[in-house]
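Thanks for coming, everyone. Please take a look at the screen while I bring up today's protein. I'll keep this short.

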Amino acid sequence: MIRPMIAVLNGPNLNMLGMRQPEIYGHATLDDLEQVCIQAAEQLDVAIDFRQTNIEGELVSWIQECRGRARGIVINPAAYGHTSIALLDALLTTGLPTVEVHISNIHRRDAFRHHTYTSQAAIGVICGFGVRGYAMALRALYDMIEDEDER
């Protein structure tokens, strides 16, 4: 049986994890974050495609590639979540269940961070749990895939 694949897509500045504002984002690096996702995926017996980019158009293209290839998307759009209707449109076009993740609690920060366009395409949003939020998101998507497969 083929393991379902979940795309784990990360937006701008996440390549700076561990260096950028550790009081907000913690000390984990992008490599550490990827390891958290790999371990969660192994426990769930799903495959992941883990990517990070600082380029909005590249992120849009990756989302579009998920259609017909992935069973779900975990996305941390980072700052693009607050500004990008293009990401929202791409997520809606896939028709895939999507969980939006933010390492920090965006609701305890600047008011402009409280709203994300991309959350309108998400089945749920996880924020404020650090890199552990990604494992939570993978688990949520896995449960949804399982429920869908049982129908």
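**Charges, fold and salt bridges**

Let me start with charge. The protein carries 12 positive and 19 negative side chains. The centres of those two sets are 3 Å apart. Keep in mind that this is a predicted model.

Now the fold. We have five helices and five strands. Reading from the N terminus, the order is β-α-α-β-α-β-α-β-β-α.

What about overall dimensions? Along the principal axes, the C-alpha atoms fill a box of roughly 45 × 30 × 25 Å. The radius of gyration is 14 Å, which agrees with the value near 15 Å for a compact globule of 151 residues.

Next, burial and surface. Of the 151 residues, 48% count as buried. The exposed area is about 7700 Å². Carbon and sulfur atoms supply 49% of that area.

And the contacts? Take contacts between residues at least 6 apart in sequence. Of these, 75% join residues at least 24 apart.

Let me make that concrete with one residue. Ile-6 sits in strand E1. Its relative accessible area is 0%, so Ile-6 is buried. What does Ile-6 touch, once residues up to four places away in sequence are left out? One run of partners is Val-46, Ala-47, Ile-48 and Asp-49. Gly-72, Ile-73 and Val-74 are also on the list. So are Leu-138, Leu-141, Tyr-142 and Ile-145. One more pair to look at is Ile-6 and Met-144. They are 138 residues apart along the chain, and their C-alpha atoms are separated by 12 Å.

Back to charges, this time in pairs. How many salt bridges does the structure hold? Seven. I'll go through three of them.

First up, Arg-3 and Asp-45. Their side chains meet in a salt bridge, at 3.9 Å from N to O. Arg-3 lies in the segment before strand E1, residues 5–10, and Asp-45 lies in the loop between helix H2, 30–44, and strand E2, 47–52, so the bridge ties together parts that are 42 residues apart in sequence. How accessible are the two ends? Arg-3 is partly exposed, at 40% relative accessibility. Asp-45 is also partly exposed, at 46%.

Next, Asp-49 and Arg-69. Their closest N and O atoms are 2.9 Å apart in this salt bridge. It links distant parts of the chain. Asp-49 is in strand E2, and Arg-69 is in the loop between helix H3, 56–66, and strand E3, 72–76. The two are 20 residues apart. Is Asp-49 buried or exposed? Buried, at 15% relative accessibility, because the cut-off for buried is under 20%. Arg-69 is partly exposed, with a relative accessible area of 38%. Remember too that Asp-49 was among the residues touched by Ile-6.

Then Glu-65 and Arg-51. This salt bridge comes in at 3.3 Å, N to O. Here Glu-65 belongs to helix H3 and Arg-51 to strand E2, 14 residues apart. Glu-65 is partly exposed at 38%. Arg-51 stands at 21%, so it counts as partly exposed too, given that buried means under 20%.

Put those last two pairs together. Which residues form the network of salt bridges? Asp-49, Arg-51, Glu-65 and Arg-69.

Now a quick word on the backbone. Two residues deserve a look for their phi angles. Asn-13 has a positive phi of about 75°, and it is not a glycine. Where does Asn-13 lie? In the loop between E1 and helix H1, 22–25. Asn-13 is partly exposed, with a relative accessible area of 35%.

The other residue is one we have met. Asp-45 has a phi near 60°, again a positive value in a residue other than glycine. Asp-45 is placed in the loop between H2 and E2. Recall that its side chain meets Arg-3 in a salt bridge.

To recap. Five helices and five strands make up the elements. Ile-6 in strand E1 is buried. The structure holds seven salt bridges. Asp-49, Arg-51, Glu-65 and Arg-69 are linked in a network of them. And the model is a predicted one. Over to you for discussion.

Conventions
Residues are numbered from 1 along each chain as its sequence is written. This is a predicted model: local features need pLDDT of at least 70, side-chain atom pairs count only at pLDDT 80 or more; totals for chains, interfaces and linings use all residues. Side-chain values use heavy atoms; hydrogens and water are left out. Helices (H or I, at least four residues) and strands (E, at least two) are DSSP runs, numbered from the N terminus. The radius of gyration is taken over C-alpha atoms; the globule rule is 2.2 Å times the number of residues to the power 0.38. Buried means under 20% relative accessible area, exposed over 50%, partly exposed in between (1.4 Å probe, protein chains only). Contact means heavy atoms within 4.5 Å. Accessible areas come from the Shrake-Rupley method with a 1.4 Å probe; for residues, only the protein chains shown count as cover. Lys and Arg count as positive and Asp and Glu as negative; His and the chain ends are not counted. The place of a charge is taken as NZ of Lys, CZ of Arg, CG of Asp or CD of Glu. A salt bridge is a side-chain nitrogen of Lys or Arg within 4 Å of a carboxyl oxygen of Asp or Glu.
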